[in-house]
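Me: I'm new to this one and would like a close look at a single part rather than a quick tour of everything. Please start with the part where the last helices come together, and then show me how the rest fits around it.

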Amino acid sequence: DMPLWIIGEPYKVALYFLVGFYGDFSLAEEDISHLKRALGLRCVISGAIIVVVMALLPFEPIYRYTVALASLSPTSSYTIFLVGEHGYGEAMLRLTVCGGVVSTLL
């Protein structure tokens with residue numbers, strides 16, 4: 001368990017840094033609506049993948065559980081970096097950061 005913990009720590013630090021660096025949590029009503037739709041769609045797609053994985057993969061249950069858990073994992077911090085550095089605009093950056101935070105909390 002210790003090697004996995006050591007490998008995972010830089011990801012957590014990078015995510016916290018990017019959320020703090022790019023974080024602007026003043027969302028308008030339209031932004032909240034976009035955020036709800038995106039996270040809802042993500043959950044629906046993840047749920048469909050989990051159903052397919054559990055029903056169709058001919059592996060031991062531990063492997064199916066691992067794939068299901070990975071499909072429920074939060075967004076990558078790299079997405080936040082790409083949106084911030086490649087000029088997609090402040091609104092998209094704000095939604096990406098907020099989506100990542102809420103996805104992580106879920």
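Reply: One term before we begin: a helix here is a DSSP run of H or I that is at least four residues long, and helices are numbered from the N terminus. With that in hand, we can place Gly84, which sits in helix α4. Keep in mind that you're looking at a predicted model.

Let's get our bearings before zooming in. The protein has five helices and zero strands, so its pattern along the sequence, with helices written as α, reads α-α-α-α-α. There are 106 residues, and 24% of them are buried. The accessible surface is about 7,500 Å², with carbon and sulfur atoms accounting for 71% of it. If you take the contacts between residues at least 6 apart in sequence, 71% of those join residues at least 24 apart.

Now for the part you asked about. The largest nonpolar core has five residues: Leu18, Ile80, Val83, Leu93 and Val97. Helix α4, residues 77-85, and helix α5, residues 90-105, each put at least two residues into this core.

Gly84 is a handy place to stand in α4. Is Gly84 buried or exposed? Neither, as it happens: Gly84 counts as partly exposed because its relative accessible area is 26%, between the 20% and 50% cut-offs. From here you can look across to Val97, a core residue. Gly84 and Val97 are 13 residues apart in sequence, and their C-alpha atoms are 9.5 Å apart in space.

Move on to Gly100, which belongs to helix α5. Gly100 has a relative accessible area of just 2%, so it counts as buried. It also gives you a way to look back along the chain: Leu39 is 61 residues away from Gly100 in sequence, yet the C-alpha to C-alpha distance is 9.4 Å.

Next, have a look at helix α2, which covers residues 29-56 and includes Ser46. Ser46 is buried, because its relative accessibility is 5%, under the 20% cut-off. Setting aside neighbours within four places in sequence, Ser46 touches Ser71 and Leu72. Arg42 is in α2 as well, but Arg42 is partly exposed, with a relative accessible area of 23%. Ser71 turns up again here: the C-alpha atoms of Arg42 and Ser71 are 9.6 Å apart, with their positions 29 residues apart along the chain.

Finally, step outside to the surface. Met54, Phe59, Ile62, Tyr63 and Tyr65 make a nonpolar patch of about 550 Å². Helix α3, residues 61-71, gives the largest share of that patch, three residues, and Tyr65 is placed in α3.

While you're at the patch, look for ring pairs. How many aromatic pairs does a search of the whole structure find? Just one, and it is formed by Phe59 and Tyr63. The way to describe a pair of aromatic rings is by the distance of the centres and the angle of the planes. For Phe59 and Tyr63, that's 6.5 Å centre to centre and 70 degrees between the planes, an edge-to-face pair. Both partners are partly exposed: Phe59 has a relative accessible area of 46%, and Tyr63 has 49%.

Definitions and conventions:
Residues are numbered from 1 along each chain as its sequence is written. This is a predicted model: local features need pLDDT of at least 70, side-chain atom pairs count only at pLDDT 80 or more; totals for chains, interfaces and linings use all residues. Side-chain values use heavy atoms; hydrogens and water are left out. Patches are made of residues with over 30% relative accessible area and no salt bridge: like charges are joined within 9 Å, nonpolar side chains (Val, Leu, Ile, Met, Phe, Trp, Tyr) within 5 Å. Accessible areas come from the Shrake-Rupley method with a 1.4 Å probe; for residues, only the protein chains shown count as cover. A salt bridge is a side-chain nitrogen of Lys or Arg within 4 Å of a carboxyl oxygen of Asp or Glu. Buried means under 20% relative accessible area, exposed over 50%, partly exposed in between (1.4 Å probe, protein chains only). Contact means heavy atoms within 4.5 Å. A nonpolar core is a set of buried Ala, Val, Leu, Ile, Met, Phe, Trp, Tyr and Cys residues joined through side-chain atoms within 4.5 Å. Rings of Phe, Tyr and Trp (its six-membered ring) pair if their centres lie within 6.5 Å; planes under 30 degrees apart count as stacked, over 60 as edge-to-face and the rest as tilted.
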